[in-house]
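Visitor: Hi, I'm new to this one. Can you walk me through it?
Guide: Sure. Here it is.
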Amino acid sequence: LVGLPAFGIHTVSGATMVQVAAAGLSGTLGHIHQHGIQPRLIVTLGGGMAAGSLLGALASSHVSARTLAAVFASLALFAATVMFLPRSPAADERTPTPVRVSARLALGSGATVGFFVGMVGAGGGFLLLPLMLYVLRVPLRAAVATSLGIVTVSAIAGSLGKAFTAQVDWFMALALVTGALPGARLGATISQRVRTETLSLILGILISLVAVGMWWEILGE
């Protein structure tokens, strides 16, 4: 748009992984006083995602740019489709209480999702929310708040994998982090005042636009 050369997918995935870690931490702090965060899920689901994300980030250095872009677009398209599935409004709106889920299911599904998001350089929020909502049956507000903590853990592990394989442009990452910190805190504050149906619709539309844009570029090459 401004006449500069385009960044490659490996460079983008490395810098955005660092940005997601910083934004996730900032957003978590914004939600921490809202009593929606589920510490047990952060340990089980976050632990699995962190391990998978580290492995995926290390493996991504051996994958072609086109393949990485296709993986990202496919994951985004799947997540967008799932976000438009119907849910119980009452379950979404109820006051978050300690959520009981299978530790094995949370750990295993977290590791699987973490591997793929580690490859494409995302903290996993766009796949993590559908997983928490439809597989683990976590209420939306609790899922949004908790996912930020999980994303932070996952993205830190993924950032280490990207850094170890020299895929991080630290100048770009710093620029992204500078904008992400205040943006994430603002988003956390606004989300507490928005209806859950609206939050779900916004997330679905944003993820859909990303998926369509990515596939448009891939198929046009």
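Visitor: How many helices and strands does the chain have?
Guide: The chain has nine helices and zero strands. Keep in mind that this is a predicted model.

Visitor: And in what order do the elements run from the N terminus on?
Guide: They run α-α-α-α-α-α-α-α-α.

Visitor: What share of the residues count as buried?
Guide: Of the 221 residues in the chain, 48% count as buried. The accessible surface comes to about 11,000 Å². Carbon and sulfur atoms hold 72% of that surface.

Visitor: What about contacts along the chain?
Guide: Take the contacts with a separation of 6 or more. Residues 24 or more positions apart account for 90% of them.

Visitor: Let's go inside. Which residues of the largest nonpolar core touch the most other members?
Guide: Leu45, Phe126, Leu128, Met132 and Val138 do, in a core of 45 residues. Seven helices each supply at least two residues: H1 (9-31), H2, H3 (65-83), H5 (103-120), H6 (125-135), H7 and H9 (196-220).

Visitor: Which one gives the most?
Guide: H3 does, with 10 residues.

Visitor: Is there anything beyond that core?
Guide: Another core lies apart from it. That one has seven residues, among them Val18, Ala22, Met172 and Val177.

Visitor: Back to Phe126. What is Phe126 in contact with, leaving aside neighbours within four places in sequence?
Guide: Phe126 is in contact with Phe72, Leu75, Ala76, Ala79, Val117 and Ile207.

Visitor: Now H7. Ser147 is found there, right? Why does Ser147 count as buried?
Guide: Yes, Ser147 is in helix H7. Ser147 counts as buried because its relative accessibility is 6%, and the cut-off for buried is under 20%. Beyond residues up to four places away in sequence, Ser147 touches Leu128, Leu129 and Met132. Leu128 and Met132 are among the core residues that touch the most other members.

Visitor: And Ser159, buried or exposed?
Guide: Ser159 counts as buried, at 11% relative accessibility. Ser159 also lies in helix H7.

Visitor: What does the side chain of Ser159 reach?
Guide: It reaches the backbone oxygen of Met17, at 3.4 Å. Not counting residues up to four places away in sequence, Ser159 touches Met17, Val18, Ala21 and Val168. Val18 belongs to the core of seven residues.

Visitor: Let's switch to the outside. Which residues make the nonpolar surface patch?
Guide: Leu54, Leu55, Leu58, Ile156, Leu160 and Phe164 make a patch of about 570 Å². Helix H2 (39-60) and helix H7 (140-164) each give two or more residues to the patch.

Visitor: Take Ile156. Where does Ile156 lie?
Guide: Ile156 lies in helix H7. Its relative accessible area is 45%, so Ile156 is partly exposed. Partly exposed sits between the buried cut-off, under 20%, and the exposed one, over 50%.

Visitor: One last residue. Where is Thr178 found?
Guide: Thr178 is in helix H8, residues 170-191. Thr178 is exposed, because its relative accessible area is 53% and exposed means over 50%.

Visitor: Which backbone oxygen lies 2.8 Å from a polar atom of the Thr178 side chain?
Guide: The backbone oxygen of Leu174.

Visitor: How far apart are the C-alpha atoms of Thr178 and Ala23?
Guide: They are separated by 9.4 Å. Along the chain, Thr178 and Ala23 are 155 residues apart.

Conventions. Residues numbered from 1 in each chain as written. Predicted model: local features only at pLDDT ≥ 70, side-chain atom pairs only at ≥ 80, totals over all residues. Heavy atoms only, no water. Patch = residues over 30% accessible without salt bridge, like charges linked within 9 Å, V, L, I, M, F, W, Y side chains within 5 Å. Areas by Shrake-Rupley, 256 points an atom, 1.4 Å probe, with all protein chains shown as cover. Salt bridge = Lys/Arg side-chain N within 4 Å of Asp/Glu carboxyl O. Helix = DSSP H or I, 4+ residues; strand = E, 2+ residues; numbered from the N terminus. Buried < 20%, exposed > 50% of the residue type's maximum accessible area, 1.4 Å probe, protein only. Contact = heavy atoms within 4.5 Å. Polar contact = N/O pair within 3.5 Å; in protein donor to acceptor, adjacent residues only side chain to side chain. Core = buried A, V, L, I, M, F, W, Y, C linked by side-chain atoms within 4.5 Å.
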